[in-house]
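Visitor: Please give me a close look at how the inside is packed. Then follow the chain out to its loops.

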Amino acid sequence: MEKSKLNPFDAELLVMIGDIAKSQPDVEEKTDGYEITVAITEIPGTAVEALKQAVAGRLGNRLQVTHTLERAVVFNVEYDPTEYPEQIRTRLVDPDATAGTRYCRTLLEVDAIQVRRDNLDDLLRFTGGGTMTTPRTPDGRAVYSFADGNGIFIDAPESWFIIREPGGRMYAKPERDFKREFEPKGISEPTRHDDKGCGDCANFTNEDVNGNGYCEAFKSEQSCGAFRCQEYKPKN
């Protein structure tokens, strides 16, 4: 897979164009920029003008020229010179729930998949496309971003679970919270005895995407990994 020069902003732009045009645009990456071709045979003229204005508004000076043809609109766009973290992305496809594993809880069964760097292909199948952002800093936390059924982008940090409910709604949940509610259907997971540090501890709640949360033992906000219960004990 050739490395794309498009950034996350460009990926969101393509989703927006697809929503307006009711079809996915064609993208051709070139040496000094890329070209977006949007079929307009199925949308009214007012929508075409709205599309052109929306693209121009989002791209600003990066939009070099717009060609309005009989059956398509072509946008020539400069690459963004900003250095973004390394990313792997794919075109959006129909979501495939079989890429995940079936989980269940009382009166509710869901399909879910954990965000890891080594299962990107399954993540892309499960969500129908997305973007994995891998930080260049040591011990940085990768984040997988995808669009739910309503076109809203969701960020799921590494180790979180992406959940699809029977109705098709998708959302993300920290690993610890997910395992409190669900277990693999028909599979008994072995009990882990090494989850003692913040982030995995049952006392650690309301974790955000940066690993910060509230420790019930210390009765204070903590950063994941900053304290270890076997080394530090809360003061009475």
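Guide: Helices and strands here are DSSP runs, numbered from the N terminus (H or I over at least four residues for a helix, E over at least two for a strand). This is a predicted model, in which local features need pLDDT of at least 70, side-chain atom pairs count only at pLDDT 80 or more, and totals for chains, interfaces and linings use all residues. Residues are numbered from 1 along each chain as its sequence is written, and side-chain values use heavy atoms, with hydrogens and water left out.

The protein has four helices and 16 strands. Of its 236 residues, 41% are buried. Buried means under 20% relative accessible area, exposed means over 50%, and partly exposed is in between (1.4 Å probe, protein chains only).

Now the packing. A nonpolar core is a set of buried Ala, Val, Leu, Ile, Met, Phe, Trp, Tyr and Cys residues joined through side-chain atoms within 4.5 Å. The largest one holds 21 residues. L13, I17, Y34, I36, V55 and F75 touch the most other members. Two or more residues come from each of α1 (8-21), β2 (33-39), α2 (45-59) and β4 (72-78). Take F75. Leaving aside residues up to four places away in sequence, its contacts (heavy atoms within 4.5 Å) include Y34, I36, L51, V55 and L63. A second, separate core has 17 residues, among them A99, V115, L123 and F126.

L123 and F126 lead to helix α3 (residues 120-127), where L120, L124 and T127 are also buried. These buried residues sit on the same side of α3, because they cover an arc of only 165 degrees around the axis. That arc is taken from the directions from the helix axis to the C-beta atoms. Just after α3, G128 takes a positive phi of about 80 degrees.

F126 and T127 both touch R164, a residue of strand β11 (residues 161-164). R164 also touches P95, V110, D111 and M170, among others. R164 is buried yet has no salt bridge (a side-chain nitrogen of Lys or Arg within 4 Å of a carboxyl oxygen of Asp or Glu). D111, the nearest side chain of opposite charge, is 5.1 Å away.

Finally, the loops. S159 lies between β10 (153-157) and β11. Its phi is positive, near 85 degrees. S159 counts as partly exposed, at 22% relative accessibility. K22 is in the loop between α1 and β1 (26-29). Phi of K22 is also positive, near 65 degrees. K22 counts as exposed, at 69% relative accessibility.

Conventions:
Lys and Arg count as positive and Asp and Glu as negative; His and the chain ends are not counted.
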